[in-house]
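Let's walk through this one together, starting where the chains meet and ending at a single helix.

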2 protein chains.
Amino acid sequence: MSEKKLGVQSIKFQNPPLILSTSSVVGKKEGEGPLGKNFDLVLDDDLYGESTFEKAEAKMYKEAVYRAIKGANLKPEGIDYMFGGDLLDQIISSSFAARELKIPFLGLYGACSTMSESLLLSAVIIDGGYADNVVAVTSSHFCSAERQFRFPLELGAQRPPTAQWTVTGSGAAVVAKHGKGPCITHATIGRVLDFGITDANNMGAAMAPAAADTILRHLKDTGHMPCDYDLIITGDLGKIGRDLAKDIITSEGYDVEKQFTDCGIEIFDLESQDVHAGGSGCGCSAVVLGGYIYKEMMKGSMKRVLLASTGALLSPTSSMQGESIPGICHALTIERMM
Amino acid sequence: MSEKKLGVQSIKFQNPPLILSTSSVVGKKEGEGPLGKNFDLVLDDDLYGESTFEKAEAKMYKEAVYRAIKGANLKPEGIDYMFGGDLLDQIISSSFAARELKIPFLGLYGACSTMSESLLLSAVIIDGGYADNVVAVTSSHFCSAERQFRFPLELGAQRPPTAQWTVTGSGAAVVAKHGKGPCITHATIGRVLDFGITDANNMGAAMAPAAADTILRHLKDTGHMPCDYDLIITGDLGKIGRDLAKDIITSEGYDVEKQFTDCGIEIFDLESQDVHAGGSGCGCSAVVLGGYIYKEMMKGSMKRVLLASTGALLSPTSSMQGESIPGICHALTIERMM
């Protein structure tokens with residue numbers, strides 16, 4: 001087995017890459033949620049001065065990257081590569097932002113798991129010795145996602161209680177070889193699992209098996225126990241998916257009662273903000289990492305976090321063709337070693 | 001600068017990963033082209049026994065992966081990770097194939113540049129010490145791509161002479177730490193460039209500046225000269241894009257007259273097969289690599305090849321919103337060191 005491989009699907013970084021800085025740009029509703037005060041920029045209007053929601057999303061993406069780079073005291077020329085993705089067809093938010101940023105770009109698609117994928121590949125390229133500074137970034141936008149995946153907003157379609165609310169937001173992180181910040185110490189690359197859920201309004205249930213599979217694999221491969229973590233946080237399972245994933249993890253003998261939650265649950269007040277099962281989207285775990293987890297780690301109130309962004313790999317076409325929804329999850333241990 | 005970084009955008013692999021095996025599964029029309037006899041499997045019917053073109057594409061993808069793994073004398077359990085992507089919204093061919101293959105999966109989107117992206121990230125994860133055997137794979141399908149990006153085939157829309165023909169095909173490669181085969185020695189990660197082309201039926205022109213930029217960068221960073229290569233081959237510029245890219249490269253003082261061509265030109269007989277400017281699609285460079293370049297390198301008739309898959313980063317939504325088409329290109333030097 002290769003020297004940095006642990007168990008079946010996991011990686012141990014020899015010189016754990018640092019997260020030098022993060023950023024979080026969010027929409028109005030996210031700014032009104034429980035984490036609102038933590039975000040770097042809250043938009044007044046989700047169109048962000050653009051003529052379409054897609055253009056607004058690309059602008060948020062660019063802004064998040066600029067802010068993360070500035071926060072690391074770097075300039076775009078100082079960034080070797082950018083890993084990123086989003087939910088739009090052909091990841092156009094990413095491509096259009098990359099066109100203006102001019103940073104060599106590697107496009108990813110892992111649905112809402114993309115922030116973990118992006119961070120883990122950033123860590124691989126840095127620990128491997130191929131780069132010094134890399135940006136990892138994702139975005140999502142409620143309005144562009146709804147019309148692409150479900151219905152145009154103008155239709156006023158009713159949402160069932162299992163539905164989630166796509167987060168309007170973009171979060172970026174500068175991952176680096178040198179400097180100060182929490183480190184990415186271990187990563188697990190997920191498998192695609194599908195338990196036959198066909199309801200695009202119940203993505204939490206579709207993703208829960210993959211989330212549990214990757215988290216269990218991460219714990220087994222690294223030998224960590226849940227009590228070693230201050231937080232084990234999935235990307236966007238929402239209330240329903242979180243409960244399902246927790247049941248699977250608990251049934252395998254791991255007690256995660258104290259530290260298991262979900263970015264989609266933390267970002268909104270589920271009672272008062274009318275988001276049904278919780279937040280979702282590529283941007284969800286990115287802004288919760290940037291706006292909340294990273295800041296808590298820098299303050300020292302969290303020492304070790306397991307971030308497990310979760311993706312539902314459906315497309316409108318696959319759903320129309322009767323396909324069920326495969327899920328995926330990639331996980332990272334982030335640790336304050338300062 | 002990091003120890004394996006060359007110049008601004010390039011990487012030098014310390015222990016160049018090997019391409020242990022490749023595979024190529026193509027449609028009927030591709031089987032009738034000049035490279036037809038080289039492909040591992042030519043379909044009789046592009047539906048491949050499935051009820052939709054999208055399902056047929058996912059089946060080709062899976063078949064290509066199985067064949068590459070078998071060709072390397074491995075089993076799916078012996079593959080650490082799979083890097084892959086395709087052109088469909090939310091890369092569903094990849095996700096649905098990954099669901100059945102059960103190999104830990106990292107999804108990519110670089111439009112038709114994805115095969116280079118996939119191969120270079122496979123080389124990074126192996127040379128970095130994180131894996132022993134990885135699969136890189138992409139696919140495209142004429143019928144699923146036409147209806148997604150342009151018009152349903154049933155409409156019988158007329159195609160202008162600048163249009164290209166999406167290759168129906170899937171190609172995979174097993175990249176490994178140990179064994180025998182040509183090596184990936186250097187890679188260049190591309191920037192997104194956009195010279196303002198808005199015509200989705202002229203993608204060659206949209207991609208040509210990015211192709212030239214990456215190839216020039218690869219030559220400058222590595223210090224290689226065009227005469228060091230038996231072949232410098234882009235992904236799917238077609239006739240128009242190839243001529244434009246060649247002009248830019250030549251104007252910078254590099255003579256590529258003898259070895260510069262394009263996978264989209266090689267795969268079809270442009271005169272007799274009614275494909276206008278040439279082939280295109282994610283699968284194009286993948287099957288030309290698997291079915292032709294790799295076999296020539298194994299025979300010894302080619303020693304060093306520069307593979308530069310090229311991607312047009314448009315979506316139907318971005319085109320409808322009046323956006324121009326950004327291009328990207330990633331490049332690899334593949335060398336026979338046996």
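Here is a short tour of the interface and then of one helix.

This is a predicted model, where local features need pLDDT of at least 70, side-chain atom pairs count only at pLDDT 80 or more, and totals for chains, interfaces and linings use all residues. Residues are numbered from 1 along each chain as its sequence is written, chains are lettered from A and ligands numbered from 1 in the order in which they are written, and side-chain values use heavy atoms, leaving out hydrogens and water.

Start with the interface: 65 residues of chain B are in contact (heavy atoms within 4.5 Å) with 65 residues of chain A. Together the two chains bury about 5200 Å², 58% of it on carbon and sulfur atoms; that is the accessible area (1.4 Å probe) lost on being put together, summed over both parts. On the chain B side, Gln90(B), Arg99(B) and Tyr130(B) lose the most area to chain A, together 15% of what that side buries.

There's charge here too. The rule finds 8 salt bridges across the interface, counting a side-chain nitrogen of Lys or Arg within 4 Å of a carboxyl oxygen of Asp or Glu. Asp194(B) and Arg99(A) are joined by a salt bridge, at 2.5 Å from N to O.

Now follow Arg99(A) into its own chain, where it is one of the buried residues (under 20% relative accessible area, 1.4 Å probe, protein chains only) of helix 3. Helices here are DSSP runs of H or I, at least four residues, numbered from the N terminus. Because 9 of the 10 residues of helix 3 (residues 92–101) of chain A are buried, the rest of the structure largely encloses this helix.

Technical notes
Buried < 20%, exposed > 50% of the residue type's maximum accessible area, 1.4 Å probe, protein only. Helix = DSSP H or I, 4+ residues; strand = E, 2+ residues; numbered from the N terminus.
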